[in-house]
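This report describes the fold of one protein chain and a selection of its local features. Please read it alongside the sequence and the structure shown here.

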Amino acid sequence: MPRPVPPPAATLLPGAADSPVLLHVPHSARGIPADVRAGIVLDDAAFARELDHITDGHTDRIAAEAARRAARTPWRFVNRLSRLVVDPERFPDEREEMLAVGMGAVYTRTTHREVLRAADTDPEPLIARYFRPYAQAMADAVADRLAATGRAVVIDVHSYPTAPLPYELHGTGPRPPVCLGTDAFHTPPALLSAAREAFAGCGETGLDSPFSGTYVPLAYYGRDPRVSALMVEIRRDTYMKEPGGPPTPGLAGLAAALADLVDALPH
């Protein structure tokens, strides 16, 4: 089948033809189109601070280094726009619990619960322009892996701050160096076990705290067991200077652990 074509806001980086693994990197970018920036009420200094807090800094680099190290190169789907444009991992409707803090698919509040966009902002133009094409492209990428290998394994690569931010709904629980987010339908025990073993050398590995769940395109969510998924949430102090600073030497070890996870998965 033809290779899926991502929207301009994302890049699909090919891996091995027989690899079912798709590293998904949705929150690493800071880019924002000028017309979208115009709808954000923060001044430039406050906007830069918000990007520092909300961006999963250098997770694209972790995924790239893991892909380079892996014996069989995984595919990578990388968002090239900030999640302040749209957050491709939110539900675009009332199913999204983060609507309670103004952070659905289109954010109206910041990480510190301050105003980001006017309360009467219509999210639909941004959802139509960015969210739906992104979702379709990810679904196409998964379909491509299913057609090529008979299954797809989505590894969602994220990071989170050492100290909880005010927007977090579940920020009072453990904050281990590596948090593994799971889904009852899409995260089989073998995948979770492989992740725990791969990241064992990176410190404590926790489960679904402070963030839970994982990303599966809605076309497959809760429907197709051939699509498995796991979220890898890395605490930022283990690999970068917070809140928005450069990477530290810890990045290499985390990338190696992610590569070990990719290699541990059956092909």
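The text below moves from the whole chain to helix packing, then to single residues and backbone geometry.

**Overall architecture**

The model is predicted. The chain contains 6 helices and 7 strands. Read from the N terminus, these elements follow the order β-β-α-α-α-β-α-β-β-α-β-β-α. The C-alpha trace spans about 50 × 40 × 30 Å along its principal axes. For 267 residues, a compact globule would be expected to have a radius of gyration near 18 Å; the chain has 17 Å and therefore agrees with that expectation.

Two further values describe the interior of the chain. Of the 267 residues, 54% are buried. Among contacts with a separation of 6 or more, 79% join residues that lie 24 or more positions apart.

**Packing around helix α6**

Helix α6, which covers residues 250-264, packs with helix α3, residues 59-69. It also packs with helix α5, residues 189-198. The geometry of each pair is set out in the table.

| Helix pair | Angle between axes | Distance between axes |
|---|---|---|
| α3 and α6 | about 55 degrees | 8 Å |
| α5 and α6 | about 145 degrees | 8 Å |

How are α3 and α6 oriented to each other? An angle of about 55 degrees was found for this pair, and the two helices are therefore oblique to each other. The crossing of α3 with α6 is right-handed. On the α3 side, the contact is formed by Arg 61, Ile 62, Ala 63, Glu 65, Ala 66 and Arg 69. On the α6 side, the partners are Leu 251, Ala 252, Ala 255, Ala 256, Leu 258 and Ala 259. By class, the residues of this contact comprise 9 nonpolar, no polar and 3 charged.

The crossing of α5 and α6 is likewise right-handed. Here Leu 191, Ala 194, Ala 195 and Ala 198 of α5 meet Ala 257, Asp 260, Leu 261 and Ala 264 of α6. The residues of this contact divide into 7 nonpolar, no polar and 1 charged.

**The start of α3**

Thr 59 belongs to helix α3. Is Thr 59 buried or exposed? Its relative accessible area is 0%, so Thr 59 is buried. Setting aside residues up to four places away in sequence, Thr 59 touches Val 25, Ser 28, Val 157, His 158, Ser 159 and Tyr 239.

His 58 lies in the loop between α2 (44-54) and α3. Although His 58 is not a glycine, it has a positive phi of about 70 degrees. With a relative accessible area of 21%, His 58 is partly exposed.

**Helix α4 and the loop before it**

Arg 113 is placed in the loop between β3 (75-79) and α4. Its phi is near 65 degrees, a positive value in a residue other than glycine. The relative accessibility of Arg 113 is 40%, and the residue therefore counts as partly exposed.

Thr 149 is part of helix α4, which covers residues 124-149. This threonine is partly exposed, with a relative accessible area of 26%. Which residues does Thr 149 contact, leaving aside its neighbours within four places in sequence? They are Ala 17, Asp 18, Ser 19 and Pro 20. Thr 149 and Thr 11 are separated by 138 residues in sequence and, from C-alpha to C-alpha, by 21 Å in space.

**The loops on either side of β7**

Where are the cis peptide bonds described here? One is the bond from Ser 209 to Pro 210, with omega near 10 degrees. Pro 210 is located in the loop between β6 (205-207) and β7. Another cis bond runs from Glu 242 to Pro 243, with omega near 0 degrees. Pro 243 sits in the loop between β7 and α6.

Gly 244 is also in the loop between β7 (227-235) and α6. At 38% relative accessibility, Gly 244 counts as partly exposed. Computed along the sequence, Gly 244 and Tyr 220 are 24 residues apart, while their C-alpha atoms are 34 Å apart in space.

Conventions: Residues numbered from 1 in each chain as written. Predicted model: local features only at pLDDT ≥ 70, side-chain atom pairs only at ≥ 80, totals over all residues. Heavy atoms only, no water. Axes fitted to C-alpha atoms, helices over the stretch in contact; angles between N-to-C directions. Helix = DSSP H or I, 4+ residues; strand = E, 2+ residues; numbered from the N terminus. Parallel < 35°, antiparallel > 145°, perpendicular 65-115°, else oblique. Left-handed = near helix turned anticlockwise from the far one by under 90°. Contact = heavy atoms within 4.5 Å. Nonpolar A, V, L, I, M, F, W, Y, C, P; charged D, E, K, R; others polar. Rg over C-alpha atoms; globule rule 2.2 N^0.38 Å. Buried < 20%, exposed > 50% of the residue type's maximum accessible area, 1.4 Å probe, protein only.
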